[in-house]
Amino acid sequence: MFTGDRSGEFLYRAMWQAGFANQPQSVSRDDGLQLKDAYITATVRCVPPDNKPERGEVLNCRPFLVREMAILKNVRLVLPLGGIALDAYLSVLQDAGKIVSRARFRFAHGAEFETHQGGPLVLTSYHPSQQNTSTGKLTAEMLGKIFLRARAVIERCET
């Protein structure tokens, strides 16, 4: 995901700077990119019109997210990129009975949440879409700081 586009340029550079990737860019599936202490998934697995997924598209792709969350063990931090990703993650937790309501989890760039006892910390960021990066809503520095915070959380959990 995010390979070979402007979103990926921002994302993989920030991940690389924080030690989550072995290289600062990814241009193809076999370019040697390797992630460390990180896993990337998507709320929607197709490219929706105008890059704005409709509710039906999110719901259609939801079983993939549910399965991935069930498979991944020892997750210490979840970093949703954008409000749609945060809402999708929280809806899976709510349906699993891990949270009662999503109301107290308000999306904001750099917000941190504890969702449930024993669950991973949630740290939110604007999505690195071209719309957000070209308008300055999200800068490389802002995204870099988020990933450095994520690295610090993971290192705290390891001690």
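Let's start with two helices that meet in this predicted model. Helix α2 covers residues 55-71 and helix α3 covers residues 83-95; their axes come within 10 Å and cross at roughly 65°. That angle makes α2 roughly perpendicular to α3, and the crossing is right-handed. If you look at the side of α2 that meets α3, you will find Val58, Arg62, Leu65, Val66 and Met69. Their counterparts in α3 are Ile84, Ala88, Tyr89, Ser91, Val92, Leu93 and Asp95.

Now look for Thr43, which sits in the loop between α1 (6-17) and α2. Is Thr43 buried or exposed? With a relative accessible area of 15%, Thr43 is buried, because buried means under 20%. Leaving out residues up to four places away in sequence, Thr43 touches Val58, Cys61, Ile84, Ala85 and Ala88. You have already met Val58 in α2 and Ala88 in α3, among the residues where those two helices meet.

Another buried residue, Glu68, belongs to helix α2. Glu68 counts as buried because its relative accessibility is 14%. Which residues does Glu68 contact, once its neighbours within four places in sequence are set aside? They are Tyr39, Thr41 and Arg45.

The loop between α1 and α2 also holds Asp37. Phi of Asp37 is near 60°, a positive value in a residue other than glycine. Asp37 counts as partly exposed, at 35% relative accessibility. For a second example, go to Asn74 in the loop between α2 and β1. Asn74 is not a glycine either, yet has a positive phi of about 60°. Asn74 is exposed, with a relative accessible area of 68%.

What about the cysteines? A disulfide is a covalent bond between the sulfur atoms of two cysteines. In this model the count comes to 0 disulfides. Take Cys61 as a case: the nearest cysteine sulfur, that of Cys46, is 5.3 Å away, and Cys61 is in no disulfide. To count as a disulfide, the two sulfur atoms would have to be within 2.5 Å. Cys61 is buried, with a relative accessible area of 7%, whereas Cys157 is partly exposed at 42%.

Next comes the sheet. Strands of a sheet pair through backbone hydrogen bonds, either parallel or antiparallel. Here 3 strands form an open sheet with mixed pairing, in the order β1-β3-β2. The edge strands are β1 (77-78) and β2 (112-114), and each of them pairs on one side only. Strand β3 (residues 121-123) runs parallel to β1, and 2 bridges join them. You can find one bridge partnership by eye: Leu77 is partnered with Leu121 in β3.

Lying across β1, β2 and β3 is helix α5 (residues 140-158), which runs at about 170° to β3. Helix α5 also packs with α1: their axes are 8 Å apart and the angle is about 45°. The two helices are therefore oblique to each other. Their crossing is right-handed. Which residues of α1 meet α5? They are Phe10, Leu11, Arg13, Ala14, Met15 and Gln17, and they meet Ala140, Leu143, Gly144, Phe147 and Leu148 in α5. So α5 is a good place to end the tour, as this helix lies across the strands and packs with α1.

Definitions and conventions: Residues are numbered from 1 along each chain as its sequence is written. This is a predicted model: local features need pLDDT of at least 70, side-chain atom pairs count only at pLDDT 80 or more; totals for chains, interfaces and linings use all residues. Side-chain values use heavy atoms; hydrogens and water are left out. Two strands pair if DSSP finds at least two bridges between them. Helices (H or I, at least four residues) and strands (E, at least two) are DSSP runs, numbered from the N terminus. Contact means heavy atoms within 4.5 Å. Axes are lines fitted to C-alpha atoms, for helices over the stretch in contact, and angles run from 0 to 180 degrees between N-to-C directions. Buried means under 20% relative accessible area, exposed over 50%, partly exposed in between (1.4 Å probe, protein chains only). Angles under 35 degrees count as roughly parallel, over 145 as roughly antiparallel, 65 to 115 as roughly perpendicular and the rest as oblique. A crossing is left-handed if the near helix is turned anticlockwise from the far one by less than a right angle, and right-handed if clockwise.
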